[in-house]
Amino acid sequence: MERAIITISESGKVNISSINVWMFEMELVELFMVIAPTLRAAIKAIYKSGALCPTTTQRCDLATPKSWATFYNLEVVIALAFRLNTYKQTG
């Protein structure tokens, strides 16, 4: 699976290398600077509210040659950004 991830530099610059964003849990934990249980609870709440549908916004694939992971698309990343509101403002 070819995919892109979103990163934020120390200066606050958001980097997206492609529109084909699919990120797995640990990448999202790093992006939003939260712990995994907080991230999982936010994803569960987004799906429970009906804002997004898991069948179209998540998929399972190989994260490494020996392990599987659930990947979330750009819609989930955006919903998490609003729900978590964790990024520290600079300046």
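**Helix packing and side-chain pairs**

Glu27 is buried, with a relative accessible area of 16%. This value, like the others here, comes from a predicted model. Glu27 lies in helix 1, which spans residues 25-32. Its partner is Arg3: the two side chains form a salt bridge, with the closest N and O atoms 2.8 Å apart. Arg3 sits in the segment before strand 1 (6-8), so the salt bridge ties together parts that are 24 residues apart in sequence. The two ends of the pair differ in exposure: Arg3 has a relative accessible area of 28% and is partly exposed, whereas Glu27 falls under the 20% limit for a buried residue.

A search of the whole structure finds two salt bridges. Besides the Arg3 pair, Glu25 forms a salt bridge with Arg40, and here the closest N and O atoms are 2.9 Å apart. This pair also links distant parts of the chain. Glu25 belongs to helix 1 and Arg40 to helix 2 (residues 36-49), 15 residues apart. Glu25 is partly exposed, at a relative accessible area of 21%. Arg40 is likewise partly exposed, at 46% relative accessibility. In general, side chains of opposite charge can pair when their charged atoms come close.

The Glu25 and Arg40 residues also take part in the contact between the two helices. Helix 1 and helix 2 pack at an angle of about 100°, and their axes are 10 Å apart. Angles of 65 to 115 degrees count as roughly perpendicular, and the two helices are therefore roughly perpendicular to each other. On the helix 1 side, the contact involves Glu25, Leu28, Val29 and Phe32. On the helix 2 side, Ala36, Leu39 and Arg40 take part. By class, this contact has five nonpolar and two charged residues, with no polar ones.

The loop between helix 1 and helix 2 contains Met33. Just after helix 1, Met33 takes a positive phi of about 55°. Met33 does so although it is not a glycine. Most residues other than glycine have a negative phi. Met33 is partly exposed, with a relative accessible area of 49%.

Helix 1 has a buried set made up of Glu27, Leu28, Val29, Leu31 and Phe32. These residues pack against strand 1, strand 3, helix 2, strand 5 and helix 4. Leu31 serves as an example from helix 1. At 11% relative accessibility, Leu31 is buried. Leaving out residues up to four places away in sequence, Leu31 touches Ile6, Thr7, Ile8, Met23 and Val77. Leu31 and Val77 are 46 residues apart along the chain, and their C-alpha atoms are separated by 9.5 Å.

Helix 2 also packs with helix 4. The angle is about 110° and the axes are 10 Å apart. That angle makes helix 2 roughly perpendicular to helix 4. Helix 2 contributes Thr38, Leu39, Ala42, Ile43, Ala45, Ile46 and Tyr47 to the contact. Helix 4 contributes Val76, Ala79, Leu80, Arg83 and Leu84. The residues of this contact divide into 10 nonpolar, one polar and one charged. Leu39 thus appears in the contact with helix 4 and in the contact with helix 1.

Leu84 lies in helix 4, which covers residues 74-84. Its relative accessible area is 15%, and Leu84 is buried. Apart from residues up to four places away in sequence, Leu84 touches Phe32, Val34, Thr38, Leu39 and Ala42. Among these, Phe32 is one of the buried residues of helix 1. The C-alpha atoms of Leu84 and Phe32 are separated by 7.7 Å, while the two residues are 52 apart along the chain.

The count of aromatic pairs comes to one. Phe24 and Phe71 form this pair, which is edge-to-face: 5.5 Å centre to centre, with 75° between the planes. The pair links distant parts of the chain, 47 residues apart. Phe24 lies in strand 3 (residues 22-24) and Phe71 in strand 5 (residues 67-73). Both Phe24 and Phe71 are buried. Strand 3 and strand 5 are also among the elements against which the buried residues of helix 1 pack.

Note on methods. Residues numbered from 1 in each chain as written. Predicted model: local features only at pLDDT ≥ 70, side-chain atom pairs only at ≥ 80, totals over all residues. Heavy atoms only, no water. Salt bridge = Lys/Arg side-chain N within 4 Å of Asp/Glu carboxyl O. Helix = DSSP H or I, 4+ residues; strand = E, 2+ residues; numbered from the N terminus. Buried < 20%, exposed > 50% of the residue type's maximum accessible area, 1.4 Å probe, protein only. Axes fitted to C-alpha atoms, helices over the stretch in contact; angles between N-to-C directions. Parallel < 35°, antiparallel > 145°, perpendicular 65-115°, else oblique. Contact = heavy atoms within 4.5 Å. Nonpolar A, V, L, I, M, F, W, Y, C, P; charged D, E, K, R; others polar. Phe/Tyr/Trp six-rings, centres within 6.5 Å; stacked < 30°, edge-to-face > 60°.
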